[in-house]
Amino acid sequence: MLTVNGKNVNSLRSYFENVREHFEVALTRIAPGEDKPPLEPNQAVTLEQALRAYTLSAACVNHFDKQAGSIAPGKSVDLILLD
């Protein structure tokens, strides 16, 4: 069982396993493996907006913004981007 601060977060594991794919969909509005036009392309977001959605915004919604979600002393890292 995967836990954070004593809370079961197993459901989050599969969510984070495909982060790169999720970013691509957010930016392009094209489903993986689809050969179709983008779905509601006006709802596409920038890379910066997608990154914030996955980090600070997600931490705020889950009441973890004091512990994670942004780079600051004492905060946990919940997403690493490698180039």
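## A single salt bridge

By the distance rule applied here, the count comes to 1 salt bridge, and this count belongs to a predicted model. The pair that forms the bridge is K36 with E34, whose closest N and O atoms are 3.5 Å apart. A salt bridge requires a side-chain nitrogen of Lys or Arg within 4 Å of a carboxyl oxygen of Asp or Glu, so the pair qualifies.

The two partners do not fall into one accessibility class: K36 counts as exposed, because its relative accessibility is 56% and the class begins over 50%, whereas E34, with a relative accessible area of 37%, is partly exposed.

## Overall layout

The protein chain holds 4 helices and 2 strands, and, read from the N terminus, these elements follow the order β-β-α-α-α-α. Of the 83 residues in the protein chain, 12% count as buried, while the surface that the chain exposes comes to about 6,800 Å², with carbon and sulfur atoms supplying 55% of that area.

Among contacts in the protein chain with a separation of 6 or more, residues 24 or more positions apart account for 27%.

## R29, a buried charge without a salt bridge

R29 is placed in the loop between α2, which covers residues 19-28, and α3. Its phi is near 65°, a positive value in a residue other than glycine. R29 is buried yet has no salt bridge, and the nearest side chain of opposite charge, that of E40, is 6.7 Å away; the cut-off for a salt bridge is 4 Å, so this pair is not counted as one.

What does the side chain of R29 reach at 3.5 Å? The answer is the backbone oxygen of E40, so that E40 enters the surroundings of R29 both as the nearest side chain of opposite charge and through a backbone atom. Once neighbours within four places in sequence are set aside, R29 is in contact with E24, P38, L39, E40, P41, Q43 and A44.

## T55 and A59, around helix α4

T55 has its place in the loop between α3, which covers residues 47-54, and α4. With a relative accessible area of 13%, T55 is buried, because the class takes in values under 20%. A polar atom of the T55 side chain lies 2.7 Å from the backbone oxygen of L51.

A59 is found within helix α4 itself, which spans residues 56-61, and at 5% relative accessibility A59 counts as buried. Which residues are in contact with A59 when neighbours within four places in sequence are left aside? They are F64, D65, A68 and G69. A59 and S70, for their part, are 11 residues apart in sequence, and their C-alpha atoms are 8.6 Å apart in space.

## H63, in the segment after α4

H63 lies in the segment that follows α4, and its phi is positive, at about 60°, although H63 is not a glycine. Is H63 buried or exposed? With a relative accessible area of 66%, H63 is exposed, since that value is over 50%.

R29 also has a positive phi, near 65°, but R29 is buried, whereas H63 is exposed.

How values were computed
Residues are numbered from 1 along each chain as its sequence is written. This is a predicted model: local features need pLDDT of at least 70, side-chain atom pairs count only at pLDDT 80 or more; totals for chains, interfaces and linings use all residues. Side-chain values use heavy atoms; hydrogens and water are left out. Buried means under 20% relative accessible area, exposed over 50%, partly exposed in between (1.4 Å probe, protein chains only). Contact means heavy atoms within 4.5 Å. A polar contact is a pair of N or O atoms within 3.5 Å; within protein, one must be able to donate a hydrogen and the other to accept it, and residues adjacent in sequence count only if both atoms are side-chain atoms. Accessible areas come from the Shrake-Rupley method with a 1.4 Å probe; for residues, only the protein chains shown count as cover. Lys and Arg count as positive and Asp and Glu as negative; His and the chain ends are not counted.
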